[in-house]
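Student: Hi! I've got this model open and would like to talk through some of its side-chain contacts. Could you take a look with me?

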Amino acid sequence: MAGKADALHRTGLAPVAPDDNDLELLDAYSRAVVGVVERVAPSVVSVRITAEDGRGGVGQGAGSGFVIAPDGFIVTNHHVVEKASEVTVVFTDGRELAARVVGSDASTDLALLRVAEGGLVPVEIGHSEGLRVGQLVIAIGNPLGFQSTVSTGVVSALGRNLRGQNGRLIENVIQTDVALNPGNSGGPLVDSRGRVVGVNTAMIRMAQGLCFAVPSATMTWVVGELMTAGRVHRAVLGIVGQTRPVNRRVQREFNLAEASAVEIVSLTDNGPAQRAGLRARDVVVSMAGHGISSIDDLQRILSRTTPGTPLTITVLRNGGRRHAIDVTPTQD
């Protein structure tokens, strides 16, 4: 037997006992994950919904969520509760509480729920702006109905853009390789200190390791809007536009950095753009000092603009005359 063991070692097929350093590293990693789970899991809930199935019947759905305030506020995804007629949240200790939807925002896929019970244990909100690629992150949720399931991974990329259900871009989305499944939606993405840095929102089906989370910075802003107004108010111009290429001669003549721009197709009657003097067929090439190459660029700037704040919009009109027009967006 000794000879056989020696032969296996020589061929590299025999198992190698881990040295003390390996065990210490594994223990440190395990301790970090276990500590996070023990700290955060009591704040994570299963979100169960009842909704019409579109055929005259009633269907069931499920997602995840987490407590953000001791007086009953819970964050989840918009798409989890979008069509719900009844919402129930289930805590890890087995409590089931009816919840109402305080507000929901399709543009960021976030929703705010509230239950009529105080003394809940809230999560600690972290700073998503400080995340780094390669950083350890942990997702806690209820995939496929299995409560308090934990997945670990790393931040794969930062600053991704993900399109919401209504076509708007969700900016600065966190990409991770954390394993997510249906039911994880709305659960927290936390760092190694147990601080929530994102809200798990989407996965790419048929792809491995492509999962996304809305950053906590976006969540904090949206939750504030939903708490105070029940919805998120955004600045609007009152135009319908389309992306179109810019002729190279025009691009050189006006020193445009972008090879495309946004053509105004129509305007809302008596809307901000029409009142300011913008016209159909005007081509928007810059707004607030930033080049415009697509509808997404317009939306990106408007999402950072407070309604009532004037913006200077530069357009090309009648085949090439440049006009700078001040427009004051209104609240949608």
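Tutor: Happy to! Let's begin with a term we'll need: a salt bridge is a side-chain nitrogen of Lys or Arg within 4 Å of a carboxyl oxygen of Asp or Glu. Keep in mind that this is a predicted model.

Student: Got it. Which residues are linked in a network of salt bridges?

Tutor: The network joins Asp-93, Arg-95 and Glu-117. Within it, the closest N and O atoms of Asp-93 and Arg-95 are 2.9 Å apart.

Student: Are Asp-93 and Arg-95 buried or exposed?

Tutor: Asp-93 is exposed, with a relative accessible area of 52%. Arg-95 is partly exposed, at 30%. Arg-95 also has an aromatic contact: it lies over the face of Phe-91, at 4.5 Å from the ring centre.

Student: And how many aromatic pairs does the structure hold?

Tutor: The count of aromatic pairs is 0.

Student: Back to charges, then. How many salt bridges does the structure hold?

Tutor: There are 10 salt bridges. One of them brings together the side chains of Arg-48 and Glu-96, at 3.7 Å from N to O. Arg-48 belongs to strand S1 (residues 44-52) and Glu-96 to strand S5 (residues 96-105), so this pair ties together parts that are 48 residues apart in sequence.

Student: How accessible are Arg-48 and Glu-96?

Tutor: Arg-48 is partly exposed, its relative accessible area being 40%, while Glu-96 is exposed, at 52%.

Student: What about Arg-234, which residue does it form a salt bridge with?

Tutor: Its partner is Asp-105, and the closest N and O atoms are 2.8 Å apart. This pair links distant parts of the chain: Arg-234 sits in the loop between H4 and strand S14 (235-236), Asp-105 is in strand S5, and they are 129 residues apart.

Student: Why do those two count as buried?

Tutor: Buried means under 20% relative accessible area. Arg-234 has a relative accessibility of 8%, so it counts as buried. Asp-105 has a relative accessible area of 6%, so it is buried too.

Student: Nice. Switching topic: I'd like to look at the second largest pocket. How much space lies in it?

Tutor: About 420 Å³. It is lined by 18 residues, and the closest to its centre are Glu-171, Asn-172, Thr-218, Trp-221 and Ser-303. Two or more lining residues come from each of strand S10 (169-176), helix H4 (216-229) and helix H7 (295-303).

Student: Which element gives the largest share of that lining?

Tutor: That's S10, with 4 residues.

Student: And how do the lining residues divide into nonpolar, polar and charged?

Tutor: The lining of the second largest pocket has 5 nonpolar, 7 polar and 6 charged residues.

Student: One for the backbone fans. What about the phi of Asp-109?

Tutor: Asp-109 has a positive phi of about 55 degrees although it is not a glycine. This residue is found in the loop between S5 and strand S6 (110-115), and it is buried, with a relative accessible area of 8%. Asn-255 is also not a glycine and has a positive phi of about 55 degrees.

Student: Where does Asn-255 lie, and is it buried or exposed?

Tutor: Asn-255 is in the loop between helix H5 (248-253) and strand S16 (260-267). With a relative accessible area of 70%, Asn-255 is exposed.

Definitions and conventions:
Residues are numbered from 1 along each chain as its sequence is written. This is a predicted model: local features need pLDDT of at least 70, side-chain atom pairs count only at pLDDT 80 or more; totals for chains, interfaces and linings use all residues. Side-chain values use heavy atoms; hydrogens and water are left out. On a 1 Å grid over the protein atoms alone, a cavity is a set of points where a 1.4 Å probe fits but cannot get out, and a pocket is an open set with protein on both sides within 12 Å along at least five of seven lines; lining residues have an atom within 4 Å of a point. Grid points are joined across faces, edges and corners, and a volume is the space filled by probe spheres set on the points. Ala, Val, Leu, Ile, Met, Phe, Trp, Tyr, Cys and Pro count as nonpolar, Asp, Glu, Lys and Arg as charged, and the others, Gly among them, as polar. Buried means under 20% relative accessible area, exposed over 50%, partly exposed in between (1.4 Å probe, protein chains only). Rings of Phe, Tyr and Trp (its six-membered ring) pair if their centres lie within 6.5 Å; planes under 30 degrees apart count as stacked, over 60 as edge-to-face and the rest as tilted. A charge sits over a ring if NZ of Lys or CZ of Arg is within 6 Å of the ring centre and within 35 degrees of the ring normal.
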